[in-house]
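Reader: I am new to this structure and would like a close look at one part of it, explained step by step. Please take me through that part slowly and then show me how it sits within its surroundings.

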Amino acid sequence: MMKEVYNWQIGRRMKYPYEGKRPKRQFAAVFDTNKCIACQTCSVACKTTWTSGRGQEYMYWNNVETKPYGGYPQAWDFRVLEMLPAGGWKDGVYTGKTIFEKAEEQKKKAEGYLPALEEWSYPNIGEDEIYGTVEQGMHIEGLPHPVWFFYLARICNHCTYPGCLASCPRQAIYKRPEDGVVLIDQARCNGYKECIAGCPYKKPMFNATTGRSEKCVACYPKMEQGIQTQCIEQCIGKIRIQGWISPPEKAEEDNPIDYLVHIRKLALPLYPQFGTEPNVYYIPPIHVPAPFLRQMFGPGVEEAVRTYRESVPDDPVLKGLLVMFGSSPEIISRFRVKADVAYGYNGKGKLVARVPTTEPAVVRKHYDSRLDVYRIDIT
Ligand code: SF4
Ligand code: SF4
Ligand code: SF4
């Protein structure tokens, strides 16, 4: 018998197999897709830390896929989207069915599928494959671009209503009340793979050596020390920030995640229509046509792109917060921006990041009369 819970990302109550009880605080992160260079440092940082053992060879708890054609496992999102009846959004409310509501019709816990083995065989399939055709002599001007791709970095979303947890018949998956991290109890798991089928993001993975399923653990031993996860701390492009998200009605202006998600609505959940209330949020790519982005990030995407393009250059607070990404190994719980400097504070209120919002720039003359040389790169 399904219960009723409130999912703010779809703007309404929905069915879920368990009572909705939010944790004391909820792990969350924001990824800026505009800055990701697909260097895969995050993927390797996770792999060397957590999945270098036997049976884990194919696992990438963190992966970075090129959209629209990339996917690990292959085409995971198209497969799930096809399973849900077509549904739209009206005034911020999702009018279609979530994976739980679809499943209820069939007396299941969560709608989903189990990827075939070969679908896990090509972790970077579709890399740098462009949507559209570049004609000879084509010159791209303006936004969005007629041909495009972008990089989507993915980890487990440590969902508020996890599909993996809902579908496990052994109740081996639990959500920690202290930080909302979703874990698989290896002692209870019997390797039924139901979590893999029930997670729409396909983030649990089966270990054929141990006969149990495994997944991203949000680097909880680091988190317990106040340090960001491996994939977030090591990100070369500084596209990521980790923190805690409040429910919208309790959003706090000086909480970096709340500010980006709830207050400025710049960062959006990935496929909110699945219904799991995922807690990794994305700043959408500004060069990609709106219909694709709307399907992926929901109805707020055009406003988010507009904010990114129009507000960031002249908005000291937003600009300050965005340059603070990747500036400290510690979790930044609070921030403020004053006189063109962004300050980040850890959970104990200690200053752990101090970043100028504008870098000084020196413009040199094209012709240097002292050395009698011409400079091509003058900034
Ligand atoms: S390390 Fe950062 S920039 Fe590099 S692929 Fe991962 S998310 Fe993108
Ligand atoms: S992303 Fe998947 S594995 Fe992670 S908590 Fe959500 S449903 Fe579970
Ligand atoms: S949070 Fe930790 S375990 Fe999860 S993908 Fe990132 S590095 Fe891997």
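Against which elements do the buried residues of α8 pack?

Author: This is a predicted model, and what follows should be read as a description of that prediction. The buried residues of α8 pack against β3 (26-32), β12 (240-245), β14 (280-283), α11 (316-324) and β15. The helix itself spans residues 256-263 and is mostly covered, since 7 of its 8 residues are buried. Those buried residues are Pro-256, Ile-257, Asp-258, Tyr-259, Leu-260, Val-261 and His-262. After the helix comes Lys-265, whose phi is positive, with a value near 55°.

One residue of the helix can serve as a worked example. Pro-256 lies in α8, and it counts as buried because 26 other C-beta atoms lie within 10 Å, where 20 or more are required for that label. If its neighbours within four places in sequence are left aside, Pro-256 is in contact with Ile-241, Gly-243, Leu-321, Ile-332 and Phe-335. The C-alpha atom of Pro-256 is also separated by 8.7 Å from that of Gln-242, although these two residues are 14 residues apart along the chain.

From here the path leads to α11, one of the elements against which the buried residues of α8 pack. In α11, the buried residues are Leu-318, Gly-320, Leu-321, Leu-322 and Met-324, and Leu-321 is also among the contacts of Pro-256. The buried residues of α11 pack in turn against α8, α10 (301-311), β15, β16 and β17. This helix is followed by Gly-326, which has a positive phi near 70°.

The strands just named belong together, for an open sheet is formed by 3 strands in the order β15-β16-β17, with antiparallel pairing. Because β15 (334-338) and β17 (351-356) stand at the edges and each has a single partner strand, one side of each is left without a neighbour in the sheet. Neighbouring strands of this sheet are turned against each other by 15° on average, with direction ignored. Strand β16, which covers residues 341-345, pairs with β17 in the antiparallel sense over 5 bridges, and Tyr-343 stands opposite Arg-354 in β17. In general, the strands of a sheet pair through backbone hydrogen bonds, in either a parallel or an antiparallel way.

A wider view places these parts within the protein chain, which is divided into domain 1 (3-134 + 143-292) and domain 2 (333-379). The centres of the two domains, taken over C-alpha atoms, are separated by 34 Å. Contact between them involves 6 residues of domain 1 and 6 residues of domain 2, and the residues on the side of domain 1 that touches domain 2 divide into 2 nonpolar, 3 polar and 1 charged.

The model also contains ligands, and two of their surroundings can be set out in a similar manner. Around ligand 3 there are 14 residues, of which Cys-46, Cys-216, Cys-219, Thr-229 and Cys-231 are the closest. The elements giving two or more residues to this shell are α1 (41-50) and α7 (230-233), and α1 gives the most, with 4 residues. By class, the shell around ligand 3 holds 10 nonpolar and 4 polar residues, with no charged residues. Ligand 2 is likewise surrounded by 14 residues, and those that come nearest are Cys-156, Cys-159, Pro-162, Cys-164 and Cys-199. The shell around ligand 2 divides into 8 nonpolar, 4 polar and 2 charged residues.

Key
Residues numbered from 1 in each chain as written. Chains lettered and ligands numbered in written order. Predicted model: local features only at pLDDT ≥ 70, side-chain atom pairs only at ≥ 80, totals over all residues. Near = placed C-beta within 6 Å. Nonpolar A, V, L, I, M, F, W, Y, C, P; charged D, E, K, R; others polar. Pairing = 2+ DSSP bridges. Axes fitted to C-alpha atoms, helices over the stretch in contact; angles between N-to-C directions. Buried ≥ 20, exposed ≤ 12 C-beta atoms within 10 Å, placed from the backbone. Contact = placed C-beta atoms within 7 Å. Domains from an automatic or database assignment.
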